[in-house]
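Here are a few exercises to work through with the model open in your viewer. Try each task before you read its solution.

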Amino acid sequence: MTDVDDLPFLRKQARTQRFTLGAPKEFRVAPDGSRVLFLRAESGTDPRHSLWAADLATGTETKLVDAAELLPGEEELPAEERARRERARETGGGVVHYGVDAAFTVAVFSLSGKLYTLDLASGEVTLRVDGSVIDPRPSPAGTHVAYVQDRRLHVLELATGADRVLVEEDGEDIAWGLAEFIAAEEMDRTRGYWWAPDGRSVLAERSDRGPVPRWTIADPANPQHPANVVAYPAAGTTNALVSLAVLGLDGSRVDVEPGEWEYLASVHWSAGGAPLLAVQPRDQKRMDVLALDVADGSTSVVHTAADQHWIDIVGGVPAWTPDGRLVTEGMVDGDHRLFVGGEAVTPAGLQLRAVLDVGEEILFSASEADPTQIHVFRTEGASVRRLSTVDGVHHGSGSASVTVLSSWSLEHSGPRVSVLRDGSPVATIAVSTVDPDIVPNLTWLTLGERGLRAALLLPRGYEPSEGKLPVLLDPYGGPHAQRVLQSRNAFLTSQWLADQGFAVLVADGRGTPGRGAVWEREIHGRLADVTLADQVDAVQAAAAQFPELDLERVAIRGWSYGGYLSALAVLRRPDVFHAAVAGAPVTDWSLYDTHYTERYLGTPQDEPESYAHNSLIESAAELSRALLIVHGLADDNVFVAHALRLSSALLAKGRPHVFLPLAGATHMTPQAEEVAENLMRTQVDWLLRELSAVAVDKENA
């Protein structure tokens, strides 16, 4: 295999999985604070992750589980595990998740569908179940392991090897212990069962996908293969039926009372109090926190939040502190704030991002005045202290007392990982990511009357005397996601694009996080109008500051929501945009899923005008600019039907365009090195050709 240093950037990026391989992740801190467990690939090009331990006293790192040794060949993943990784956008292999008991005596993990345990004292690895295992996790005492196999929840007793299914129920549409599609794709809830603190029972999700519409994904490149039929809850249709039961290891079962909720957002069960369920109705305008009585399955409301638009799901809450105080997120004057025991503990202007750990003190992430940075904080009684000390994007794990800090910055590629004890550094964890050898030529901008955060990237070595540059917008642009973050790795692809001869502009508009609830909610019912207006304002304001930007040659490219926004740009603002590449675009919101779409647009039945107004297909007749549509044929998130319907509508209206189907590709961009490189080069060549044609037409006019 060619040495990675000899590869061109695009192939190097594909081989290193966007320069993330070799970065440690999934940290667990021992109860006594003596060591940290984590996952890390052997190198920046090895996709297999192994389990490691770092001794905080000596700084020594030890490989506890060698994925290559356990599995020297290719992985064979159960279908549910492949689906779980697609939902989580997990591209790595080897040990990608693991669990550990409360006392750090045993770790459990799956590899190629096989269930293994690791004795953390002796280092002995034992194969326990041979095949099709999903999401294994040990009981708090380390005596049992729960896991899902063939959509059924099992419990394995480690001492005896006794293995049994907790609920026997027929029907391939029924699943126990798995997060349903909507939870995993849209609510960031990947778990479907939760151990009781005493380890005597499990709170388990039961889902029934029977009422959900069936959609078909064919493989046109291999017509001999059968079509894949999936349950997909499109906007306005039926979700999977989700319920809960407390399942005792003694064979008992207590069903949780149904309640009038549609979505199970999160579950928390700790020694601090009764199990907490965060639930939402279909319209998501309320979040109820329910305390569960495990004896009879009844629930009581302990907290409610409501909003005329929607209530956000914030990771890590609700939760109990060890002394029984309720931890929640709430909005005060548009700020997302942390509440403990009903009192706000974060100051005004600090936007809560996620709660990372709840103990005697609370570890959380938040943004201050600058939304392009995310920092890690801890509570100290009624006050808070910032633990991350340099500019950038920081992720925290562990607890407020022993914190693992992964720090990404504009100053370096890859993260720097440190361990803090009571906020002071005590150790570092090695990072073996590949250096991309790209330092972005980046100018940080605040644009227009709304102060849009943006980054402008010019070709490295470019001088204004060389002439004006065509402009390429490279946004995501949709709600609940950011592109403009102070991390060098966030701009590597954009800089490569700039080096092909563009001025690349990346801008975050209204709807993106970090700037408060009012900013986020301006998109409600107006996805198309608001997000497109902000991209237009960004490019015009940037050009006013930088005359080297040629507004006579403006293109836009994006994937997923960015693909929607790109097609929208040439359909509705041909006066600004001259060419677009739309990757995996949502073209008709009635074809996208319930939880995401209805949060912003309501249901198609109640808001047909809104769906029509925000649809690309309704605007097909307006296309007068160059449009390249790219879509994976195996996409089970934004189905290829989106691209096909738009292409058909354009053809019916006599509007020329180009459609590039990707055989076998899912919603994640292609990972094969050759395909990844050629797909990007195809886009660039097409854009340069189309923008050159625009310039020629302008000269001849």
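**Exercise 1. Find which residues are linked in a network of salt bridges.**

Solution. This is a predicted model, and side-chain atom pairs count only at pLDDT 80 or more. Start from the full search, which turns up 45 salt bridges over the whole structure. Then look for charged residues that are linked up: Glu449, Arg450, Arg510, Glu522, Asp534 and Asp537 make up such a network.

**Exercise 2. Sort the partners of three salt bridges: which are buried, and which are partly exposed?**

Solution. You'll need the cut-offs here: buried means under 20% relative accessible area, exposed means over 50%, and partly exposed lies in between.

- Step 1: take Glu380 and Arg385, whose closest N and O atoms sit 2.7 Å apart in a salt bridge. Glu380 has a relative accessible area of 31%, so Glu380 is partly exposed. Arg385, with 29%, is partly exposed too.
- Step 2: move on to Arg521 and Glu520, a salt bridge with 3.4 Å between the closest N and O atoms. Here both Arg521 and Glu520 are buried.
- Step 3: finish with Asp550, which meets Arg553 in a salt bridge at 2.8 Å, N to O. Asp550 counts as buried because its relative accessibility is 12%.

**Exercise 3. Track down the largest nonpolar core and say which helix gives it the largest share.**

Solution. The largest nonpolar core has 78 residues, and Leu447, Leu505, Phe577, Trp589 and Leu627 are the ones with the most contacts inside it. Helix α7 (residues 527-545) brings the largest share, ten residues. Don't stop there: a second core of 33 residues, separate from this one, includes Val434, Leu492, Trp496 and Leu679.

Now zoom in on Trp589. Skip its neighbours within four places in sequence, and its contacts include Ala235, Leu527, Tyr561, Tyr564 and Tyr596. Thr597, Leu601, Tyr611 and Asn614 are also in contact with Trp589.

**Exercise 4. Work out the order of the strands in the four-stranded open sheet, and pick out its edge strands.**

Solution. Walk across the sheet and you get β10-β11-β12-β13, with antiparallel pairing. The edge strands pair on one side only, and they are β10 (134-138) and β13 (163-165). From one strand to the next, the twist averages 20°.

For a closer look, follow β10 to its antiparallel partner β11 (residues 144-149): three bridges join them. Arg137, for instance, has Ala146 in β11 as its bridge partner.

Terms used:
Residues numbered from 1 in each chain as written. Predicted model: local features only at pLDDT ≥ 70, side-chain atom pairs only at ≥ 80, totals over all residues. Heavy atoms only, no water. Salt bridge = Lys/Arg side-chain N within 4 Å of Asp/Glu carboxyl O. Buried < 20%, exposed > 50% of the residue type's maximum accessible area, 1.4 Å probe, protein only. Core = buried A, V, L, I, M, F, W, Y, C linked by side-chain atoms within 4.5 Å. Helix = DSSP H or I, 4+ residues; strand = E, 2+ residues; numbered from the N terminus. Contact = heavy atoms within 4.5 Å. Pairing = 2+ DSSP bridges. Axes fitted to C-alpha atoms, helices over the stretch in contact; angles between N-to-C directions.
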